[in-house]
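Colleague: Take me in close on the charged side chains, please. Then work outwards from there.

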Amino acid sequence: MDDHEIYSNLCELLGSGVHQVVFTKVDGSQRTIAGTRDPEILSQLDENHETEWNKTRVVNTQNLSIFECTSSEWKSFKIKNIVSIDGIKYNEIIQQFGA
C-alpha cells in the first residue's frame, strides 16, 4: 500500500466521528488529541470550516491534518508519527487497510 492509499484510508477513518489520535511530535514528545475530519462535526465546531475545507491546496500524503475538538484548532502531523488511533496501534490499522 502506497502513501496515497494510506492517506486516503486514514482520511476516511477520521472522516466519521471523533477519534483519539496519539502521535509523536517533532520534538519527540507524544501528544493525544480528540480530533475529527467529519464534515458534520466540523460544521458545528469550526466556524471557518466551509472556507478552510474547500480551499485548493496541494495534498501532501505524508502529513495529515485533523481538527482538534478541545482547542478548536487544526493540527497537522506526519502520518509515520502516528502511534495509535482509538487505542489501536498504527501498524494494526494499516494491516486492517490491507497493507
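**The charged cluster and what lies around it**

Modeller: Start with Glu73 and Lys75, which pair up in a salt bridge whose closest N and O atoms are 3.0 Å apart. By salt bridge I mean a side-chain nitrogen of Lys or Arg within 4 Å of a carboxyl oxygen of Asp or Glu. Before going on, a caveat: this is a predicted model, local features need pLDDT of at least 70, side-chain atom pairs count only at pLDDT 80 or more, and totals for chains, interfaces and linings use all residues. Numbering runs from 1 along each chain as its sequence is written, and side-chain values use heavy atoms, with hydrogens and water left out.

Back to the pair: Glu73 is partly exposed at 41% relative accessibility, while Lys75 counts as buried at 18%. My cut-offs are under 20% relative accessible area for buried, over 50% for exposed, and partly exposed in between, with a 1.4 Å probe on protein chains only. With shared partners, salt bridges link Arg31, Glu68, Glu73 and Lys75 into one network. Lys75 also meets Glu68 through their side chains, at 3.7 Å from N to O. Glu68 in turn has a salt bridge with Arg31, where the closest N and O atoms are 3.1 Å apart. Glu68 belongs to strand β3 and Arg31 to strand β2 (residues 30-36), so this pair ties together parts that are 37 residues apart in sequence. (Helices, H or I with at least four residues, and strands, E with at least two, are DSSP runs numbered from the N terminus.) Glu68 is buried, with a relative accessible area of 5%, and Arg31 is partly exposed at 25%. In total, the structure holds three salt bridges.

Now for a charged residue left without one. Arg37, in the loop between β2 and α2 (39-45), is buried yet has no salt bridge, and the nearest side chain of opposite charge, Asp38, is 10 Å away. For charges, Lys and Arg are positive and Asp and Glu negative, with His and the chain ends not counted. What Arg37 does have is the backbone oxygen of Ser65, which lies 2.6 Å from a polar atom of its side chain.

Ser72 sits in the loop between β3 and β4 (73-78). Its phi is near 55°, a positive value in a residue other than glycine, and the residue is partly exposed at 41%. Most residues other than glycine have a negative phi. Asp86, in the loop between β5 and β6, also has a phi near 55° and is partly exposed, at 40%.

Working outwards, there's the nonpolar core: buried Ala, Val, Leu, Ile, Met, Phe, Trp, Tyr and Cys residues joined through side-chain atoms within 4.5 Å. The largest one has 17 residues, of which Leu10, Val21, Leu64 and Ile79 touch the most other members. At least two residues each come from α1 (3-14), β1 (19-24), β3 (63-68), β5 (82-85) and α4 (90-97), and α1 gives the most, with five. So β3 turns up in both stories: it holds Glu68 and feeds the core. Leu10 touches Leu64, Ile79, Ile82, Ile85, Tyr90, Ile93 and Phe97, leaving aside residues up to four places away in sequence; touching, or contact, means heavy atoms within 4.5 Å.

That brings us to α4, where Tyr90, Ile93 and Ile94 are buried. Down the helix axis, the buried residues fall within an arc of 100°, so they line one face; the arc is that of the directions from the axis to the C-beta atoms. Their cover includes α1, β5 and β6 (88-89). The face turned away carries the exposed residues Asn91, Gln95 and Gln96. Just after α4, Gly98 takes a positive phi of about 100°.

One polar residue to add is Asn81, in the loop between β4 and β5. It counts as buried at 19% and touches Val22, Phe23 and Thr24, again without residues up to four places away in sequence.

Zooming right out, the chain has four helices and six strands in the order α-β-β-α-α-β-β-β-β-α. Of its 99 residues, 35% count as buried. Among contacts between residues at least 6 apart in sequence, 53% join residues at least 24 apart.

Technical notes. A polar contact is a pair of N or O atoms within 3.5 Å; within protein, one must be able to donate a hydrogen and the other to accept it, and residues adjacent in sequence count only if both atoms are side-chain atoms.
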